[in-house]
Amino acid sequence: MTAIKNNNTIFNKIVIAFENNRNILIKNKIMGPSENVVIAKCNGDEFNLIYDIDYGIDPIECTANNVDYVFDIVNNTIND
């Protein structure tokens, strides 16, 4: 149960970091009973962040145009 709470906390911190970044546009947030999905746009391309209650944070789906920028934010948030 602790791992699930930690993943959810990390997911929420990442979402807040995305929301506070002027280069990222949150297009949609789907908060469901078993999955939370954030669909966002950065450097002209969409990317997704997914948290599954059973499996944790799924790999972020990015493109070559935004992967480095998005993962810098994720890594900084996780290591903060």
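**Salt bridges and strand pairing in the predicted model**

Lys29 forms a salt bridge with Glu19, and the closest N and O atoms of this pair lie 2.5 Å apart. The contact links distant parts of the chain, since Lys29 belongs to strand β1 (residues 24–31) while Glu19 belongs to helix α1 (residues 2–19), the two being ten residues apart. The structure described here is a predicted model, and a search of the whole of this structure finds two salt bridges. Side chains of opposite charge can pair when their charged atoms come close. With a relative accessible area of 39%, Lys29 is partly exposed, and Glu19, at 37% relative accessibility, also counts as partly exposed.

A salt bridge is likewise formed by Glu46 with Lys27, the closest N and O atoms again being 2.5 Å apart. This pair, too, links distant parts of the chain, for Glu46 is placed in strand β3 (residues 45–52) and Lys27 in strand β1, with their positions 19 residues apart in the sense that they are 19 residues apart. Glu46 has a relative accessible area of 40% and is therefore partly exposed, as this class covers values between the 20% limit for buried residues and the 50% limit for exposed ones. Lys27 counts as partly exposed at 43% relative accessibility.

Strand β1, which holds Lys29 and Lys27, is also joined to strand β2 (residues 35–42) by seven bridges, and these two strands run antiparallel. The connection from β1 to β2 is a hairpin, made through three residues. Within this pairing, Met31 has Asn36 of β2 as its bridge partner. In a regular strand the side chains alternate between the two faces of the sheet.

Two residues in loops complete the description. Asn43 is found in the loop between β2 and β3, and its phi is near 55 degrees, a positive value in a residue other than glycine. Most residues other than glycine have a negative phi, and most peptide bonds are trans. At 48% relative accessibility, Asn43 counts as partly exposed. Ile53, in turn, is found in the loop between β3 and β4 (56–57), where it counts as partly exposed at 37% relative accessibility. Although Ile53 and Glu35 are 18 residues apart in sequence, their C-alpha atoms are 6.1 Å apart in space.

How values were computed: Residues are numbered from 1 along each chain as its sequence is written. This is a predicted model: local features need pLDDT of at least 70, side-chain atom pairs count only at pLDDT 80 or more; totals for chains, interfaces and linings use all residues. Side-chain values use heavy atoms; hydrogens and water are left out. A salt bridge is a side-chain nitrogen of Lys or Arg within 4 Å of a carboxyl oxygen of Asp or Glu. Helices (H or I, at least four residues) and strands (E, at least two) are DSSP runs, numbered from the N terminus. Buried means under 20% relative accessible area, exposed over 50%, partly exposed in between (1.4 Å probe, protein chains only). Two strands pair if DSSP finds at least two bridges between them.
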